[in-house]
Amino acid sequence: MSITINKPNRPLPPFAQALCVGGLALLAPSLAPSLAIAEAAAPVETIIVIGQKDGLRTIPGSGATIEQADLVRARILSVNEALRQVPGVFARDEEGMGLRPNIGIRGLSPTRSSKVLLLEDGLPLSFAPYGDNATYYHPPIRRYSRIEILKGASQIRFGPNTVGGVINYVTPPAPEAFEGQATWAAGSDGYVETDLNLGGPIAGMRALFHANATQSEGARDNQELKINDLYLKLEKSLGEHHDLTLRLSRYGEDSQVTYSGLTQAEYLANRRQNAFVNDGFKAVRVGASMLWAWAIDDTTTLKTSASYSWFDRDWWRQSSNSAQRPNDASDPTCGGMANLLTTCGNEGRLREYHTYGFESRLSKTGEIGAVKFESELGIRYSDERQNRLQINSDTPTGRTPGTSVNAGVRENNLRYLQAWSGFATTKATIGPWTLSPGIRYESIDFQRVNRLNPASPVRGEDQLQEWIPGLGISYKISPRFAAYVGAHKGFSPPRVEDAINNSTGASVNLGPETSTNWEAGLRGDITKGLAIDLTWFRMDFDNQIVPSSVAGGAGATLTSAGETLHQGFEASLRGSLADMGVMTTGNDLYFRAALTYVGDASYVGTRFSGVAGNTTRSVTGNRLPYAPEWLINAAIGYQLGTMGEFQVEYVRTDEMFTDDLNTITPTADGQRGLIKAADIWNVTLNLHPESWPLGAYIAVKNAGDARYIVDRSRGILPGAPRQVQFGLTKAF
């Protein structure tokens, strides 16, 4: 698909000019002396979200990191498996391989991760973070060396979404000397994976190359999931004060996978069945970014980035949810499931996205008397362009517009968005106290063109501006233990399709999703080798956006749920007997635990049901869908010197409602009804004796082969069965 857009250039808006002036005021106390280049500057890092090692200790708010050791010990295969280690995060499965993750934070809807901001090395990862913040792809987790999760007021440094949290995937730095690692793995359900990391000096630069090819049958029959991923990072030091980083990537998926879930009868007969053998998903995502870091002096750094991504995906399917058996049964030549593989047609949801971004961040550290400060000022321009088609074909494998009852071109939309944003933050430390105020501004222009009738296209525009303040305060109780409290405004813009009416081009006046977010906590080391983090949180939404019908799935029209409340607490514990000094023989007994309790996740304003036939029923006081009250993740492991380690992990997801009526008894179509709690055990054995030329591992996921449901929004999606995976690794 191709996109042609003619639109005027926009000048720097007044807010950006004001923000530059106000932000420079924050930096002013010691900015002027820094304009002369120093003889030697400190090393420049990438865009920092949390940072290495003790980065969390300096952030006046909640956050977490998942380190390389955590990923390796559990032999993480998907992002869902990784994020379950973090309190407050609910990662819901879909097809069994984490290709389209559904991530919710603190009781927010996990569908397509739309309430979360996903970054890679501090730059946007999703294909349209403003106009369509849905996740239909995810790079393999082996591309990354660590994961950072930021949930407090500090997330206003990023955007546009500041409602749930920021998840930043960190790639390894390009190595100074030649090195690499190769992994080959295989297992049950057709799982095969080949992974290569390779890096070192080349042509005066430092290079890092990563390649991955993975395939699996996933959680259901008649599925064949295939992805391939290539990633290249080039780093170049341009003298003592300038660093240049170039990133290039290509992700591809070619999978046999359906969109529809199961009816209740289908699930009871065979939880893994899938009649839609001709459904398929193809996607390509190409990304490029450049980051220039200038160490103006030892205390002042300017980081400027430019990025571009192209995402193209086609999902051809004969059913979009379990109420369609198949989706064109009204066609006399189709009629029902007996004709599914012969004369029933299909529909293609075809999407193309072009996303451009330019950002510059100026940071400054210094002292004014007894006050130490770290300030940052940033400004960003974003441009998103979407081309969306729905083509209905006459046959199960057709890929062109048909002529039958339901066939033809059913959607032809162009959507584009321009946004200016900026922020200014500072972190002032006075003795044990740290005060971190900040402000963000978003100015967004939406445009939509309905081209279904080429002779008379329907055009519409809308605009949105928002100030997003935040404040964090921390108090250092001891050198390694602190208390913190924070408040910030949560903000998430509506999608282009929800802001502008498709038929008339008029503004829907849906408005942004806004909330007031509070948190308070304690974090640090109880003793050497034993760390704890406790957080209370509260999110008061003025206008939470939810699907108008929960059973509509990811593509449902959105509407305002009005006032909602999320409140609870999170706790994490991590320890090592070796770090405590209890075990001194080179062996170690280590453990970690993450607990989430969302006591409140409910409609508190006047609200009526979005379920068809129940729109006059009040749901005020009911619990929000897909908001489990309890989440538990705990692991204990034993490391035998350099020989290897053995780990057992327990994962519990509490029961959850799936509609605003809080329906308990499953409906016949499987789309509504209580999802029962799931208890999963995972076991991993890693072996890497120094005398072996290769390392080896075996991982058993869902070792008890628990039978559970992960989603009902478009019919029942089953959880993955027991999976056994074996791998070999070679470092060089």
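# Exercises on a predicted model

Proline 326 is located in the loop that connects S14 and S15. The structure examined here is a predicted model, and the exercises below treat its loops, core, cavities, a pocket and confidence in turn.

**Exercise 1. Determine which peptide bonds before Pro160 and Pro326 are cis, and place each proline in the chain.**

Step 1. The bond from arginine 325 to proline 326 is cis, with omega near -10 degrees.

Step 2. Glycine 159 and proline 160 are likewise joined by a cis peptide bond, with omega of about 15 degrees. Proline 160 belongs to the loop between strand S6 (146–150) and strand S7 (165–170).

**Exercise 2. For tyrosine 626 and aspartate 705, establish the sign of phi and decide whether each residue is buried, partly exposed or exposed.**

Step 1. Tyrosine 626 has a phi near 55 degrees, a positive value in a residue that is not glycine. The loop between S26 and S27 holds this tyrosine.

Step 2. Buried means under 20% relative accessible area. The relative accessibility of tyrosine 626 is 4%, so the residue counts as buried.

Step 3. Aspartate 705, also not a glycine, has a positive phi of about 50 degrees. Its position is in the loop between strand S30 (695–701) and S31.

Step 4. Because its relative accessible area is 30%, aspartate 705 is partly exposed.

**Exercise 3. Identify the residues that touch the most other members of the largest nonpolar core, and list the contacts of leucine 83.**

Step 1. The largest nonpolar core has 39 residues, and those touching the most other members are Leu83, Ile147, Ile167 and Tyr169. The element giving the most to this core is helix H3 (residues 79–83), with 3 residues.

Step 2. Leaving aside residues up to four places away in sequence, leucine 83 touches Ile66, Val89, Ala91, Ile103, Ile147, Ile149, Ile167 and Tyr169.

Step 3. As a general tendency, nonpolar side chains in soluble globular proteins are buried together.

**Exercise 4. Describe the largest cavity and the second largest cavity by volume and lining.**

Step 1. The volume of the largest cavity is about 560 Å³. Its lining comprises 38 residues, and Arg84, Asp93, Val651, Ile680 and Tyr708 lie nearest its centre.

Step 2. By class, this lining of the largest cavity contains 21 nonpolar, 9 polar and 8 charged residues.

Step 3. The second largest cavity encloses about 330 Å³. Among its 27 lining residues, Leu123, Pro124, Arg285, Ser307 and Tyr308 are closest to the centre. S15 contributes the most to the lining of the second largest cavity, with 5 residues.

**Exercise 5. Characterise the second largest pocket by its volume and by the classes of its lining residues.**

Step 1. The second largest pocket holds about 1200 Å³ of space. It is lined by 47 residues, of which Arg57, Thr65, Glu67, Ala531 and Arg574 are closest to its centre.

Step 2. The lining of this pocket divides into 16 nonpolar, 14 polar and 17 charged residues.

**Exercise 6. Find where the pLDDT lies below 50.**

Step 1. For the protein chain the mean pLDDT is 91, and 91% of its residues reach 70 or more.

Step 2. The pLDDT is below 50 over residues 2–44, a stretch with 94 contacts in the model beyond near neighbours in sequence. Over residues 549–555 the pLDDT also stays under 50, and the model has 20 contacts beyond four places in sequence for them.

Step 3. Where pLDDT is low, predicted coordinates should not be read in detail.

How values were computed
Residues numbered from 1 in each chain as written. Predicted model: local features only at pLDDT ≥ 70, side-chain atom pairs only at ≥ 80, totals over all residues. Heavy atoms only, no water. 1 Å grid on protein atoms, 1.4 Å probe; cavity = no way out; pocket = protein on both sides within 12 Å on 5 of 7 lines; lining within 4 Å. Points joined across faces, edges and corners; volume = space filled by probe spheres on them. Nonpolar A, V, L, I, M, F, W, Y, C, P; charged D, E, K, R; others polar. Core = buried A, V, L, I, M, F, W, Y, C linked by side-chain atoms within 4.5 Å. Buried < 20%, exposed > 50% of the residue type's maximum accessible area, 1.4 Å probe, protein only. Helix = DSSP H or I, 4+ residues; strand = E, 2+ residues; numbered from the N terminus. Contact = heavy atoms within 4.5 Å. pLDDT = per-residue confidence, 0-100.
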